[in-house]
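Let's take a walk through a protein model together. Have the sequence and the 3D view ready, and turn the picture around as you read.

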Amino acid sequence: MDDEGIKRVAQLMRSARKIVVFTGAGISTESGIPDFRSPGGIWSQYNQDDLTYQKFRSHEKYRKLYWAYDRARYPAMSDALPNQAHEAIVEIERSGLLLALITQNIDGLHQKAGSDPNKIYELHGTVKEVTCLDCSTRWVREEITDRMDREGIEVPYCPHCGGPLKCATIAFGQSLPAEVLEKSFAYARNCDLFLTIGSSLVVQPAAMLPLEAKRGGARLVLVNLSTTPYDQAMDIIVRGNAGPVMDSIMTELRRFSDE
Ligand code: APR
Ligand code: ZN
């Protein structure tokens, strides 16, 4: 493991007071949830062009495809347990240093790990709820999927307005929740350390967040297996598995506070 890099990150975190952590699917692969763009990832199993918001809106056959995709992926997420990387973020929060936890993930593992839901900004929504695309009514996921199982429904529609129901994640072409996006960029601008964990940083506008933090004067740290288009902007890059890397960083950080 990159011990030198780990030590340097711990030193940066030691002098930080307002840390923003930004996570992508790479933080959850060690919990058994495939990411999107690693070899064998989601986009090598499903055609993302068929899973856009426009297609979902356009025809029943795409709504059927989307629901099949969503339901096929859900068991891995609902069975998954947080890993050391999620737990490290809880420790950063409990040390009072976490300004915000911004995630592109929909799997709910940060909440499962014990992160304060009020500090979590889910840019791409959540699989834990279902929403009506017309009247915006929301349900807990199982209220809809249990009915789908009981009544053999493949594509559910809203009991109030007849609109199409979709899991409350943000599909390609769908706008991100405006308030969540606005707050995320504000926190990025006002932090002193922006820590990105497990993202390829290829999907906008989320991928702009590290540069927004840099513009606000923050130091940038990246913990990620592959390269990203923003590697040049990073102050420190630690290449390795997020779980053990984050665990080692926290061990290093605790060593400082024991001194
Ligand atoms: N430790 C560290 N990094 C990892 C690990 C791991 N155990 N596993 C994977 N990675 C890295 C990969 O190398 C990759 O660079 O995490 C990154 C995951 O990138 P993506 O699969 O592109 O996931 P993400 O960046 O979250 O995608 C953003 O794209 O399809 C949309 O809505 C979807 O939210 C998602 C968005
Ligand atoms: Zn409705």
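Let's begin with strand 4 (residues 125-132), which pairs with strand 6 in the antiparallel sense over four bridges. Strands here are DSSP runs of E with at least two residues, helices are runs of H or I with at least four, and both are numbered from the N terminus. Two strands count as paired if DSSP finds at least two bridges between them. Want a spot to look at? Thr-131 stands opposite Lys-166 in strand 6.

Before going further, some housekeeping: this is a predicted model, where local features need pLDDT of at least 70, side-chain atom pairs count only at pLDDT 80 or more, and totals for chains, interfaces and linings use all residues. Residues are numbered from 1 along each chain as its sequence is written, chains are lettered from A and ligands numbered from 1 in the order in which they are written, and side-chain values use heavy atoms, with hydrogens and water left out.

Now zoom out to the sheet. It is an open one of three strands, in the order 5-4-6, with antiparallel pairing. At its edges sit strand 5 (138-140) and strand 6 (165-169), each pairing on one side only. From one strand to the next, the twist averages 40 degrees. Angles like this run from 0 to 180 degrees between N-to-C directions, with axes fitted to C-alpha atoms (for helices, over the stretch in contact).

Next come the helices. Helix 4 (residues 60-79) packs on the sheet and touches strand 4 and strand 6 (contact means heavy atoms within 4.5 Å); its direction makes about 45 degrees with that of strand 6. Helix 7 (residues 141-151) lies across strand 4, strand 5 and strand 6, at about 75 degrees to strand 5.

Which residues hold the zinc ion (ligand 2)? Cys-132, Cys-135, Cys-158 and Cys-161 coordinate the zinc ion through their SG atoms, at 2.2 to 2.4 Å. Donors are N, O and S atoms within 2.8 Å of the metal (3.2 Å for Na, K and Ca); water is not among the atoms, so sites may look incomplete. Along the chain, the donors of this zinc ion follow the spacing C-x2-C-x22-C-x2-C. Cys-132 is buried, at 2% relative accessible area, while Cys-135 is partly exposed at 34% (buried is under 20%, exposed over 50%, partly exposed in between, with a 1.4 Å probe and protein chains only).

Finally, the whole structure has zero disulfides (pairs of cysteine sulfur atoms within 2.5 Å). The sulfur of Cys-167 is 14 Å from the closest cysteine sulfur, in Cys-132, so the two are too far apart for a bond.
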